[in-house]
Amino acid sequence: MSTPIKAKAALISVFSKEGLEPLIRKFNDLGITLYSTGGTQKFIKDLGVPVVPVEDVTSYPSILGGRVKTLHPKIFGGILNRQDNDGDVAEMKEYNIPQLDIVIVDLYPFEKTVASGASEQDIVEKIDIGGISLIRAAAKNFKDTLCVSSVDDYEEVLELISTNEGTTTLADRKRFAAKAFNISSHYDTAIFNYFNEEEVVYKASYTEGKSLRYGENPHQKGTFFGDFDAMFDKLHGKELSYNNLLDVDAAVNLMAEFQNEDPTFAILKHNNACGLAQRDTLHQAYVDALAGDPVSAFGGILISNKEIDKATAEEIHKLFCEVVIAPSYSEEALEILKGKKNRVLLIQKPVTLPTDQVRSCLNGVLVQDKDAKTDSLEDLSTVTNNKPSSEELSDLIFASKLCKHTKSNTIVFAKGKQLCASGTGQTSRVDALRQAIDKAVSFGFDLKGAVMASDAFFPFPDCVELADKAGITAVIQPGGSIKDQLSIDYCNEHNLAMVMTGTRHFKH
């Protein structure tokens, strides 16, 4: 039937009873017969509303500790029958099956149970069988049945039923069917991903997306799928854009390299750091990070690994920046930074980030493990006669962490745990090096005694030669070129120290 249907009976069987009472009372007011199970049946009865136990329909009790309650032909027949099919109508009458016009069912909280660290036995028990079956049946038969599968829809259903005195249209029922299949497919994806350990299969599901003002450019549509509020507390400012979110992601991943270290401040623009410094105080870390490229810092994304204090906030307030991220802010700092109404202030919460990375490619997607490798002193192999000093080793690790989070081809210069300059996203490693030298000179950095990091090996000695002439005294690179020895020989001839990590950190 494609005409409007006035509901006469509803099946209600839910895990969460939140928000259910107004619907139950409205159904009762409209004379809609209610069928229910277990705890939901008791909930309805305690409200003083008449309810028919499912067992009275099936002549079968709930069994196996509640695992089987609604899985019965008289229940699914009441949901799946086609009211415009004479054969279905005749069988409904022959077997005394009640017509169920509305089905309200939610699902056991599988994802929450997994996230809680529960045992496998508890997790398995939260795999819904009856609920998912009822949802799929009711959604499939949307021509005759309204399927309500989420507490988030109760208010809308209440308004719909109240306004139309229990009547729904085909468009209403089809819309709610789409919602139901969204929920059921997401649920199955979560279960599969929990169990899957061997299959090379990529399944991801997000039930809600946040529409953005636009995408990367104003003529592109943009949507964010994810739980932003689980990761950040937004304290102030305008709505984040597509590009803001990309920069925030880059900032968070970079600062993760310095979480438990001395005060560190980074400034990013177009996903790359244009300033980074580590100091005894956060104020000085910010000042020295800004010195790395005060031009690019305009309109950038700022991030700290420590609470932002008043002194640091006063310096930040002098700069136009889009977003500031920190684990916390002092009251005085917050008052200062709120002085610009559009400036976004975020508190980053300690959440676990995904371990894989996904991007669209051709007619599919590329999936890879996140680059979780951080170069450490233990990874370094000195390949030159000249060994790096302890200060140089510290700067080499600092530069390597930054290099890992900068677009390839990249070269990074650092000195005294401060970014002096970087060459980013160049098609030639030599071009990246020259860009870094030019930027360092333009901002008044003396590269004598600075170190250099490269995200990949040097196929020729030209890079170490240019770096040497610019004042670089130590180099960190992965190694692995068949011509590694050419660069090593140059370093030995000119008293440069070089260490190799054995790990490449391309970022495209």
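This passage describes one strand with its neighbours, and then the nonpolar cores, of a predicted model.

Strand 21, which spans residues 451–454, alternates in the direction of its side chains: Val 451 and Ala 453 point one way, Met 452 and Ser 454 point the other way, and all are buried. An antiparallel pairing, made through 4 bridges, joins this strand to strand 19 (residues 411–414), and within that pairing Ala 414 stands opposite Val 451. Strand 21 is also joined to strand 22 (residues 474–477), in this case by 3 bridges and in a parallel arrangement, with Ala 474 of strand 22 as the bridge partner of Val 451. Val 451 thus has a partner in strand 19 and another in strand 22. The connection between the two parallel strands involves helix 18 (residues 462–470), and strand 21, helix 18 and strand 22 together make a right-handed β-α-β unit.

The largest nonpolar core contains 39 residues, of which Phe 232, Leu 268, Ile 303, Val 323, Ile 325 and Leu 346 touch the most other members. Helix 12 (residues 242–255) supplies the largest share of this core, namely 7 residues. Because domain 2 (227–348) and domain 3 (377–500) both give residues to the core, it lies between them. When residues up to four places away in sequence are not counted, Phe 232 touches Val 248, Val 252, Ile 325, Leu 346, Ile 347, Gln 348 and Lys 349. A second core, separate from the one just described, comprises 27 residues, including Val 105, Ile 127, Ala 190 and Ile 191. In soluble globular proteins, nonpolar side chains tend to be buried together.

Conventions
Residues are numbered from 1 along each chain as its sequence is written. This is a predicted model: local features need pLDDT of at least 70, side-chain atom pairs count only at pLDDT 80 or more; totals for chains, interfaces and linings use all residues. Side-chain values use heavy atoms; hydrogens and water are left out. Buried means under 20% relative accessible area, exposed over 50%, partly exposed in between (1.4 Å probe, protein chains only). Two strands pair if DSSP finds at least two bridges between them. A crossover is right-handed if, with the strands pointing away from the viewer, the path from the first strand over the helix to the second runs clockwise. A nonpolar core is a set of buried Ala, Val, Leu, Ile, Met, Phe, Trp, Tyr and Cys residues joined through side-chain atoms within 4.5 Å. Domain bounds come from an automatic or database domain assignment. Contact means heavy atoms within 4.5 Å.
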